[in-house]
Amino acid sequence: MDPAVVDHLQRREAILQRLRATLVESLDLRVEPDAIDPDAALFGTGLRLDSIDALELVVAVETEFGVEIADRDGASPDILRTVNTLVDRIQERM
Amino acid sequence: MTGIDAIRSSVALSRRDDLAVLRLTGEDAWDLADRVLSSDLHLRDGQVRQTLLLADDGTIAADVRVAAEDEDIWLIVEGMSDVSLIELLRSHIADGEDVSVERTDDVCVAIDGPFAWELAAAWDSPGIVGLPYLSAFRGPHGALGLRANTTGEFGYAFFAAPDVADRIEAELTAIGEPLSLGRAELADLRACALENGFFDVTAPGAHGHPAELQLRWRVSERKTFPGSDALRAHLAGGLERRVTGFRGPDGVAAGAPVTLDGTRIGEVLQVQHAHGSDGVLGLAMLDIAWAHPGVDAYRAGEHAIRTVSRPFVLNRSLFVRPQTHSWRTRDSIPYPSGVAGLDG
């Protein structure tokens, strides 16, 4: 098997687990981290976060992972859509 | 303009008569709904939740939108007939409870699109624009309105008896003409739902386990409901498979095995043409170790595919601000590249 694929999958899984834990802790979600669906929407449905949560989410993720997910104008709407789109951004910048 | 084009760029009207619409009344209406549905129903008046009905084996039986209106509970159900639904609900009413289950013959007239709010405001009132996603309200002609559609764009659904729905449809059609109102069929709505990562209970593989289908957010971890014991037993050993989005070339077919280096790791559940671009997009059920986006080493049948994060599209509605934008000034809205509907 291509080692790059194995590496990608392992990094992806590790980021997903850390992000789930960060979401639960920083936003005080009443859900087990493993129960967060990777493709669950962050806002509206899914985790049902609101605009106040959004700010806390960005700060918590940037602190935990040491990467910027928001630019000067804020996080692009395509980044803060689902847990997986957030993982995409973190993996891209780590 | 196709139905999908209208949904993605202006506004499209659709009409559906395939949904079961039930009203629960009485002091114990909420208790009955909470007992039967899979989510924790923390519903305030005027709120909507997307939830599920599970079969006894923990798999999905029906897709449900539940709305609270005063003390009444509305159930908009897809995937189960109203007869079966009423039978199921009545079997869960305890002796002495004050609740009745009423079937309606309501049909749904909906408008979806980045400028659906403008049509809704012109037809109803400007106040409708301020309603948050997942709201229930009363619209003109006494129709039950839900801001809870599944295209990823602004969407409003109105439920009313067929003759009233005729009037609503006619009025929206007349008012919507200056907005280039299009017509969307059920297939268009389902295609947009898949593009945006919404659940479609009629799709192949949809009657599986909620966790595998990434619908755990619709399932309570605390309460007991039909199918909950079987579902928890299924999860006790850990999740074994998970649905994952992918893109690939034309020719990828539902049911095709997904392989890595010749070893089977899953199966294509659902696939459709990627509107506005080449190839297809779809969902595959993959063994959990491989169920991540960003992998281009898998094959679906003989075709190379790349797993991706959902949703598949960037919606124009994300960039439309009803306070400052309008259909008339649409060309001045600064959309980034990649917004659905701009290239298609």
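This report walks through a predicted model with chains A and B, going from the overall build to a few local spots.

**The two chains at a glance**

Chain A is the all-helix one: it has 3 helices and 0 strands, and its elements run α-α-α from the N terminus on. Its radius of gyration is 13 Å, which agrees with the value near 12 Å that a compact globule of 94 residues would have. Chain B brings 7 helices and 17 strands. For its 344 residues the globule rule gives 20 Å, and the radius of gyration of chain B is 21 Å, so chain B is as compact as a globular protein of that length.

Here are some whole-chain values side by side.

| Chain | Box of C-alpha atoms along the principal axes | Buried residues | Accessible surface | Share of carbon and sulfur atoms in the surface |
|---|---|---|---|---|
| Chain A | roughly 45 × 30 × 20 Å | 50% of 94 residues | about 4,700 Å² | 48% |
| Chain B | about 60 × 60 × 30 Å | 58% of 344 residues | about 13,700 Å² | 49% |

As for the contacts, take those between residues at least 6 apart in sequence. In chain A, 55% of them join residues at least 24 apart. In chain B, residues 24 or more positions apart account for 68% of such contacts.

Now the charges. Chain A carries 10 positive and 20 negative side chains, and the centres of the two sets are 2 Å apart. Chain B has 31 positive and 51 negative side chains, with 5 Å between the two centres.

**A six-stranded sheet in chain B**

One sheet in chain B is worth a stroll from end to end. It is open, with 6 strands in the order β8-β9-β10-β7-β1-β11, and the pairing is mixed. Its edges are β8 (135–138) and β11 (182–183) of chain B, each of which pairs on one side only.

Start at the β8 end. Strands β8(B) and β9(B) pair in the antiparallel sense over 4 bridges, and A136(B) has L146(B) in β9(B) as its bridge partner. These two strands make a hairpin with 5 residues between them, and in the turn H141(B) has a positive phi of about 60°.

Next comes the step from β9(B) to β10(B), which is again antiparallel, over 3 bridges. Here G145(B) stands opposite F158(B) in β10(B).

Is strand β9 (residues 144–147) of chain B covered on one face or on both faces? Both: L144(B) and L146(B) are buried on one side, and G145(B) and R147(B) are buried on the other.

At the far end, β1 (residues 12–16) of chain B and β11(B) run parallel, with 2 bridges between them. One detail to look for there is A12(B), whose bridge partner in β11(B) is G182(B).

**A covered helix against the sheet**

Helix α4 (residues 116–123) of chain B is mostly covered, with 6 of its 8 residues buried. Those buried are A116(B), W117(B), L119(B), A120(B), A121(B) and W123(B). What do they pack against? The buried residues of α4(B) pack against β7 (107–112), β10 (155–160) and α5 (162–176) of chain B. Both β7 and β10 are also members of the sheet described above.

**Two buried residues**

A148(B) sits in the loop between β9 and β10 of chain B. Its relative accessible area is 0%, so A148(B) counts as buried. Leaving out residues up to four places away in sequence, A148(B) touches V48(B), R65(B), Y133(B), L134(B) and G155(B). The C-alpha atoms of A148(B) and A136(B) are 8.3 Å apart, with the two residues 12 apart along the chain; A136(B) is the residue already seen as the bridge partner of L146(B).

The other one is D34(B), which has its place in helix α2 (residues 29–36) of chain B. Is D34(B) buried or exposed? Its relative accessible area is 18%, and buried means under 20%, so D34(B) counts as buried. Beyond residues up to four places away in sequence, D34(B) touches S39(B), D40(B), L41(B) and K223(B).

Notes. Residues are numbered from 1 along each chain as its sequence is written. Chains are lettered from A and ligands numbered from 1 in the order in which they are written. This is a predicted model: local features need pLDDT of at least 70, side-chain atom pairs count only at pLDDT 80 or more; totals for chains, interfaces and linings use all residues. Side-chain values use heavy atoms; hydrogens and water are left out. The radius of gyration is taken over C-alpha atoms; the globule rule is 2.2 Å times the number of residues to the power 0.38. Buried means under 20% relative accessible area, exposed over 50%, partly exposed in between (1.4 Å probe, protein chains only). Contact means heavy atoms within 4.5 Å. Accessible areas come from the Shrake-Rupley method with a 1.4 Å probe; for residues, only the protein chains shown count as cover. Lys and Arg count as positive and Asp and Glu as negative; His and the chain ends are not counted. The place of a charge is taken as NZ of Lys, CZ of Arg, CG of Asp or CD of Glu. Two strands pair if DSSP finds at least two bridges between them.
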